[in-house]
Amino acid sequence: MPDIIDFRTDPSHYRHWRVEYDGDIANLYMDVDEDGGLFDGYQLKLNSYDLGVDIELADVVQRMRFEHPEVKVVVMQSGKDNVFCAGANIRMLGGAAHAHKVNFCKFTNETRNTFEAAEADSGQKYIAAVKGACAGGGYELALACNHIMLTDDSSSSVALPEVPLLAVLPGTGGLTRVTDKRKVRRDLADVFCSIEEGVKGKRATEWRLVDEVVPNSKFADAVQARAKEFAAASPKNAPEKGIALDPLNRTIGEDGSVTYSLVEVAVERDGRRATITLHGPDGDAPADAAALTALGDRSYFLRLARELDDAILHLRLNEMELGLLAFRSQGDAAKVLAEEKLLFDNADHWLANEILQYWKRVMKRIDVTSRSLVAFVENGSCFAGMLAEVLFAVDRTYMMEGDFEGDNRPVASITLSQANFGPFPMANDLTRLETRFLGEPERVEAAKEQIGEALEAFDANELGLVTYAFDDVDWEDEVRIFLEERASFSPDALTGMEANLRFAGPETMETRIFGRLTAWQNWIFQRPNAVGEDGALQRYGTGVRGQYNMQRV
Amino acid sequence: MLDLINVSYDTQIPNNVGLSSDKRVLKALEKWHPGYINWWNDLIPDNFQQSLVYLRTAVSVDPKGWAKFDYVKMPEYRWGVLLAPQVEDRTIPCGEHAGEAAWQEVPGEYRAMLRRLIVIQGDTEPASVEQQRFLGKTAPSLYDLRNLFQVNVEEGRHLWAMVYLLHKYFGRDGREEADDLLRRSSGSEEAPRMLGAFNEETPDWLSFFMFTYFTDRDGKMQLESLAQSGFDPLSRTCRFMLTEEAHHMFVGETGVGRTIQATCEAMVKAGIEDPYDTDAIRALGVIDLPTIQKKLNLHYTLSLDLFGQEVSTNAANAFNAGIKGRYMESRIDDDHKLHGDTYEVWDFEDGKLVRKEVPALTAINMRLRDDYTRDASGGVGRWNKIIEKTGIDFQMKLPHESFNRKIGVFADKLFDPDGKLLTGAEYDAGMPDWLPTHADGDFIQSLMVPVYEPGQYASWIAPPKVGIDNKPGDFEYVKLHMA
Ligand SMILES: [Fe+2]
Ligand SMILES: [Fe+2]
């Protein structure tokens, strides 16, 4: 077992995936190494996956965007003969602690979302070319692709066998995408989700489970032809080459603190919290898109996004007891705004676009992080525009008001920009400010009028942008009391409360996946029928069936 | 009252399951029938279809006299649906329902599992006919030609048996699966057969004999374990299929034995003692023993792959459900539940082969495979007796189960036939001595010329000791229709 789960990887370290680039088409092969499980005690047979497999997939998708922007179509397929993917590894799930299962599912959900969105966000369309068994999480992988092709060899099928086989749910978006995305009729969906062996051939298209079924002898050709057709139809103005994403430099201290170039994570174990400091730019913004491209992964927001993303994932998986994440920032707000202006001014440039889209994903990653989230807007901070978005992602914001004794940093302020009014929607498709002011839409307008103003505590408070503003007299005590109080509550209750309060407003497929489906799955993951000693997950593979308490709850 | 021993011929489909009063199933089977006949007619070369073949046809399920022999044109063969007689008060022999009354209807919770098992078994039956379709053109004798066709029509009947179960007990899904059994075809790019060994070619008669000896024996073991099923109609179906299957393995064992016999006799006659004096032996028009051993290595290992992974959830589920038992389940002296029991299987750890105890339930496949190996070694011993009698110093043997495997813990690793782990270079160097080469194939192919004169045999194979149905040596087993 690894000491910590490391989310940093690159193609030279892949054990489970490989990509063959062919002009504007990339062939992505899933070929899971049976013996390459992240933990001991299970083998990743039949292209089943664990977190380690998904970490690589997330890396593939990310690099596809930044390193291979020339790609317009990605064909996801199996590198194995008779199986596309058998889904999440059951023995891994059976053996994993509840917290790991939940984090695993969350990360896989995020990864599914990112390649599903790649067509709209990055002009990279994913085709699932399904040959062989495609069950459970395997079909969920395919469901998140933009187009599903199934071979008609009279044995390849798609299936969601979780309920009959394992007494859990197709919880990685499976149930939701079947109804909301593929719009399968609910009664047929009910049948589909109750049969272990799934649906094959023509019926799979009739039931809308796949987009097309192709004769087996023509399958490979049909897939490549479809890929070419999609690539030709793509409106993407693709550059010839991308930029390199070099390995992130990260140092982990003995106390668990983590240091990157722009992000620092300080750990306070007694208080069960981590403080994440975001630093402003250390230089001037590049002059134009060409200069941005030349900077590549050293450009400010890309570096910040990568580091912050890694920090959040690291804390989620490796620091389960740090129940509260506090965000602060230090730096020059004007420089932050200059960096983002370059991105917005060049939003039709591929790299600027990718960086903005990535920031959107990182903000969403924060939204669904099951920790208490708080931001401290202190003197010397640089919460402006894109960085200010963090303030509206967290559960509460505390802001310093006026001069503090012995503190010669610039007085705390917040500056809004266009970044806070559209480009970074939450899962509910609203901006964070729209969600915040769901009952008072006029407040969004009022805030919009303040774009570009450095808003100090009084104004920020008036506008409803912060929870509390405290001066030198009260600050320290109020913050301390809040942190202590928060640390005393039940983590379960907090997780539930926060998740419910964060996503006001309309439901989308994404909110249904993260909210409903995940919550139901996590409930089932606690129930003896699934995870008890005699439950289906524990007994899977022994030949003995799960024993169920037949009472409906 | 149904006559369950004697077969009724009052429908298009001979049967002892009362089809004429089961309109629903009869209709379904009659609908399926033309597709089957098309499949058969497309498959077997026309001049053989028109020939009269001395075949046995099952006319009863009474073990004392179940078959009758006569000349039949194969398309007119009466493919019937025959179940062994019901055993009164039969109980489920194993798993969590052990001791309960056997199911006469499909239990809902095991419907999918049962259907899958029946489909997999059913898929192998027509597959071997497809694999063997061209062999008639190079038959070494009319006797062997007749045996080939006998095996073929019976595999066809086994397909019928499985299709009957699908139609009778599995509703619409069952009918679709039955149609798919005719859609898939061996080696097809479009829709291949489900199991690897059934998509391999049977290029020559020695392969056919090896196939019927080793691969039909896998079929036998599968049927034996399905004959233990708590689902009584499946059990009865398989029990009857086993009576026919015995002949297939007889064809295999005697076919290989006669090939060996011809080789040894020719060597003795020519005064050749060294079994490795390949060129001299081959010049006699017989197949040298080392090449026969290579064929054995190939077919035995392909057949081992049919048993699946060493540790298998599906097999465990099926056993525990009482859907599939072990070989001779009722004669095994234990609680037939296997909770807490272990079984030793091969595993590969730190670069070494090791024996490892695993829960017995998950090792059901391995136990069956071990039974298979024991069963298969009998004939090998008898082949060696033939060699021994001629005084030639050579022994056939089963290779180690790690050799040439594509499924299970040994897959992707290189072993020699003794189970020694090899480097790539060592393996490449040894391969020509262990598995048939293309050159071996060419040589065997050169011997494959048809001999259609009654009582005559190709040079490479000895005549049988006794004829089928005790017929004399020059009996015309097939009256060839030569258009
Ligand atoms: Fe058979
Ligand atoms: Fe057979």
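Along the chain, the donors of the iron ion (ligand 1) follow the spacing E-x29-E-x2-H. In this predicted model, the coordinating atoms are supplied by E125(B) (OE), E155(B) (OE) and H158(B) (ND1), at 2.1 to 2.2 Å. E125(B) lies in helix α3 of chain B and H158(B) in helix α4 of chain B, so the pair ties together parts that are 33 residues apart in sequence. The iron ion (ligand 2) lies 3.3 Å from the iron ion (ligand 1), and E155(B) coordinates both.

The accessibility of two of these donor residues was also computed. E125(B) has a relative accessibility of 3% and therefore counts as buried, the threshold for this class being under 20% relative accessible area. H158(B) is likewise buried, with a relative accessible area of 0%.

Helix α1 of chain B was examined next. The helix spans residues 23-43, 21 residues in total, and reaches 30 Å from its first C-alpha to its last, close to the 30 Å expected at 1.5 Å a residue. A bend of about 30 degrees occurs in α1(B) at H33(B), and a proline, P34(B), follows within four residues. H33(B) itself is among the buried residues of this helix. The others are V25(B), L26(B), A28(B), L29(B), W32(B), Y36(B), I37(B), W39(B), W40(B) and L43(B). The cover over the buried residues of α1(B) includes α2 (46-49), α3 (111-131), α4 (142-169) and α5 (171-183) of chain B. Two of these covering elements, α3 and α4, are the helices that hold E125(B) and H158(B), respectively.

Conventions:
Residues numbered from 1 in each chain as written. Chains lettered and ligands numbered in written order. Predicted model: local features only at pLDDT ≥ 70, side-chain atom pairs only at ≥ 80, totals over all residues. Heavy atoms only, no water. Helix = DSSP H or I, 4+ residues; strand = E, 2+ residues; numbered from the N terminus. Expected span 1.5 Å × (residues − 1). Bend = angle between axes of the 7 residues up to and from the residue. Buried < 20%, exposed > 50% of the residue type's maximum accessible area, 1.4 Å probe, protein only. Contact = heavy atoms within 4.5 Å. Donors = N, O, S within 2.8 Å, 3.2 Å for Na, K, Ca; no water.
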